[in-house]
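Got the viewer open? Let's take a walk through the model, one selection at a time.

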There are 2 protein chains.
Amino acid sequence: MDDRRDMALAMDRLLAHGHAVTPQRRLVAQALRDAAGPISAQELSAALEPGRGIGQMTVYRTLALLADAGVAYQIAATDADRHLARYVFCSGSHHHHLVCQTCHAVLEVGGCGMESVDRDVEQRTGFAGVGHHLDFVGTCPACAAVASGEGH
Amino acid sequence: MDDRRDMALAMDRLLAHGHAVTPQRRLVAQALRDAAGPISAQELSAALEPGRGIGQMTVYRTLALLADAGVAYQIAATDADRHLARYVFCSGSHHHHLVCQTCHAVLEVGGCGMESVDRDVEQRTGFAGVGHHLDFVGTCPACAAVASGEGH
DNA sequence: TCGACTATGAGAATGATTATCAGTGAGGAG
DNA sequence: CTCCTCACTGATAATCATTCTCATAGTCGA
Ligand SMILES: [Zn+2]
Ligand SMILES: [Zn+2]
Ligand SMILES: [Zn+2]
Ligand SMILES: [Zn+2]
């Protein structure tokens, strides 16, 4: 896999947005990429404890920067933990995320054909620069199997 | 307009979800519907002060219930005020919201043709019961005019 | 290499949300 | 219609994610 490639890309994007590249930011981005699912700032901070003590403040700031640079995305679809910000790593180009409602596993979903919809919304509403925030939710095969097994 | 109709529908949905209908819940739902834009629990609480002092706790709980019943929707597209939950009133059937990034004005956008996309995602991923959370963001005509006027 | 300007992080502060729990009211059974 | 049960309400206190502060350390262009 391209472990180094997407990290380099992420750091390049930080630079392109006028932000410096620091060891802490690299580590936060790596931990975010390696996370099993949408992860919060505090969980990331805890995950980073072993190797190095990175301050919570830095984690919060870095997540905001990464989101600004398009390297991280703040998941909106979580119905539980409504007031907790969770992020996923975003590599490559435009895509969206499918989140399991039960175990919170995340899959990237490419090729949303929504560019034309954005243009259509612009036409109908008069708004400019219309874009979209889109998440998919569902039940992953594993959780679906468990649920059907538990059915009474 | 159908002021009474959508309130009655909202209360019916509460009942359908096993929740009682109370004067407080009616007032919260009305205030939410009459709000100019996405509104937070505390702003709703303040807006309700004049007529009647409704406890903040009730406002929070009612918003959660309304969201559960599909009568309220928690906007996710707000980049500012990241850690503040804002809700909009949802009447009728499936639709989405277009939010101005500057003034936070909200427009309902109907007819997203995403049912087929949901099915397609199910096919490609094996997930079951796939649905979507979708918000549009953009700049409303008024804010676009101000921005171009300020351009140096 | 050097300097200006940005990033870091421990601690305290902020502030939205949630827990508690006694009192109140909604709504179904009879 | 009345009564009983169980859900709802709300003042208060507690929780806890996020932000502020500011002195120190590091980044990166020149
Ligand atoms: Zn799952
Ligand atoms: Zn898209
Ligand atoms: Zn606007
Ligand atoms: Zn839709």
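Which helices each supply at least two residues of the surface near DNA strand D? Select α4 (56–68) of chain A, then α2 (23–34) and α4 of chain B: each of them does. Helices here are DSSP runs (H or I, at least four residues; strands would be E, at least two), numbered from the N terminus.

Some ground rules before we zoom in. This is a predicted model, where local features need pLDDT of at least 70 and side-chain atom pairs count only at pLDDT 80 or more, while totals for chains, interfaces and linings use all residues. Residues are numbered from 1 along each chain as its sequence is written, chains are lettered from A and ligands numbered from 1 in the order in which they are written, and side-chain values use heavy atoms, with hydrogens and water left out.

**Stop 1: DNA strand D**

Show what surrounds strand D: 21 residues, with A:Gln42, A:Met57, B:Thr22, B:Thr58 and B:Arg61 the closest (near means a heavy atom within 4 Å). They split into 10 nonpolar, 9 polar and 2 charged (nonpolar: Ala, Val, Leu, Ile, Met, Phe, Trp, Tyr, Cys and Pro; charged: Asp, Glu, Lys and Arg; polar: the others, Gly among them). Of the strand D atoms within 4 Å of the protein, 71% are sugar and phosphate.

Now pick atom pairs:
- The side chain of A:Gln42 puts an N or O atom 2.4 Å from a phosphate oxygen of strand D.
- A:Ala85 uses a backbone N or O atom, 3.2 Å from a phosphate oxygen.
- For a base, go to B:Arg61: a side-chain N or O atom sits 2.5 Å from a base nitrogen.

**Stop 2: DNA strand C**

Switch to strand C, with 17 residues around it; A:Thr22, A:Thr58, A:Arg61, B:Gln42 and B:Tyr60 come nearest. Sugar or phosphate makes up 72% of the strand C atoms within 4 Å of the protein, and bases the rest. Try B:Tyr60, where a side-chain N or O atom is 3.0 Å from a phosphate oxygen. A polar backbone atom of A:Gly55 is 3.3 Å from a phosphate oxygen of strand C.

**Stop 3: two helices of chain B**

Finally, select α3 (residues 41–48) and α4 (residues 56–69) of chain B, which pack at about 125 degrees with axes 9 Å apart. That makes α3(B) oblique to α4(B). Color the contact (heavy atoms within 4.5 Å): α3(B) brings B:Ala41, B:Gln42, B:Leu44, B:Ser45 and B:Leu48, and α4(B) brings B:Gln56, B:Val59, B:Tyr60 and B:Leu63.

Terms used
Axes are lines fitted to C-alpha atoms, for helices over the stretch in contact, and angles run from 0 to 180 degrees between N-to-C directions. Angles under 35 degrees count as roughly parallel, over 145 as roughly antiparallel, 65 to 115 as roughly perpendicular and the rest as oblique. A polar contact is a pair of N or O atoms within 3.5 Å; within protein, one must be able to donate a hydrogen and the other to accept it, and residues adjacent in sequence count only if both atoms are side-chain atoms.
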